[in-house]
Amino acid sequence: MLNKITIMGRLCADPELRKTASGISVCNTRIAVERNYADQDGERETDFFNIVAWRGAADFLCGYFAKGRKVVLDGRLQTRNWTDRDGNKRVSVEIVAESVYFADSKPAENTASGYIPEEDEPAPAKGRKRKAA
């Protein structure tokens, strides 16, 4: 069977690096991906995905990326079953990133997140929808 995903979007938050008890790097973050089409009002919806990266991919993602940076991820989809505090069974879908690539220019040194949109590129959406360019 084939379980492969390639996705490009912007990081919603700074990646968080942790180490397992055995010293393996693991990184969690979220990515915002704008849909390719607009609705009748010219609004584009944005999808948000949970990302987890392990070992070298985790170190690279946490070492070189910050909130707002555009990133390309290659990996696979994974589902996790879990139980919430009220005893309800839940299912989470996340992308396990196996490879991480830069998708924008090197960030400017003088900004908080290091991100400045390119001249022909609109700033990232703050909500779930944004106007089409």
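**View 1. The salt bridge between Arg10 and Asp104.** In this predicted model, the side chains of Arg10 and Asp104 come together in a salt bridge, with a distance of 4.0 Å from N to O. Arg10 belongs to strand β1, whereas Asp104 sits in the loop between β6 and β7 (129–131), so the pair ties together parts of the chain that are 94 residues apart in sequence. Both of these residues, Arg10 and Asp104, are buried. Arg69 belongs to this picture as well, since salt bridges that share partners join Arg10, Arg69 and Asp104 into one network. In total, the structure holds eight salt bridges, and two others are shown in the next views.

**View 2. The salt bridge between Glu34 and Arg44.** Here the side chains of Glu34 and Arg44 meet, at 3.9 Å from N to O. Glu34 is part of strand β3 and Arg44 is part of strand β4, so this salt bridge ties together parts that are 10 residues apart in sequence. Glu34 counts as partly exposed, at 30% relative accessibility, and Arg44 is likewise partly exposed, with a relative accessible area of 22%.

**View 3. The salt bridge between Glu94 and Arg80.** The closest N and O atoms of Glu94 and Arg80 are 3.1 Å apart in this salt bridge. Because Glu94 lies in strand β6 and Arg80 in strand β5, the pair ties together parts that are 14 residues apart in sequence. Glu94 is buried, with a relative accessible area of 8%, while Arg80 is partly exposed, with a relative accessible area of 39%.

**View 4. The largest nonpolar core and the surroundings of Leu61.** The largest nonpolar core has 17 residues, and those with the most contacts inside it are Ala53, Leu61, Val71, Leu73 and Val100. At least two residues of this core come from each of β1 (5–11), β3 (25–38), β4 (43–54), α1 (55–64), β5 (70–83) and β6 (89–102). When neighbours within four places in sequence are left aside, Leu61 is in contact with Leu11, Pro15, Cys27, Thr29, Ala53, Val71 and Val100. In soluble globular proteins, nonpolar side chains tend to be buried together.

**View 5. A nonpolar patch on the surface.** Leu77, Val91 and Val93 form a nonpolar patch on the surface, and together they have about 260 Å² of accessible area. One of these residues, Val91, is found in strand β6. Val91 has a relative accessible area of 56% and therefore counts as exposed, the cut-off for this class being over 50%.

Key
Residues numbered from 1 in each chain as written. Predicted model: local features only at pLDDT ≥ 70, side-chain atom pairs only at ≥ 80, totals over all residues. Heavy atoms only, no water. Core = buried A, V, L, I, M, F, W, Y, C linked by side-chain atoms within 4.5 Å. Buried < 20%, exposed > 50% of the residue type's maximum accessible area, 1.4 Å probe, protein only. Helix = DSSP H or I, 4+ residues; strand = E, 2+ residues; numbered from the N terminus. Contact = heavy atoms within 4.5 Å. Patch = residues over 30% accessible without salt bridge, like charges linked within 9 Å, V, L, I, M, F, W, Y side chains within 5 Å. Areas by Shrake-Rupley, 256 points an atom, 1.4 Å probe, with all protein chains shown as cover.
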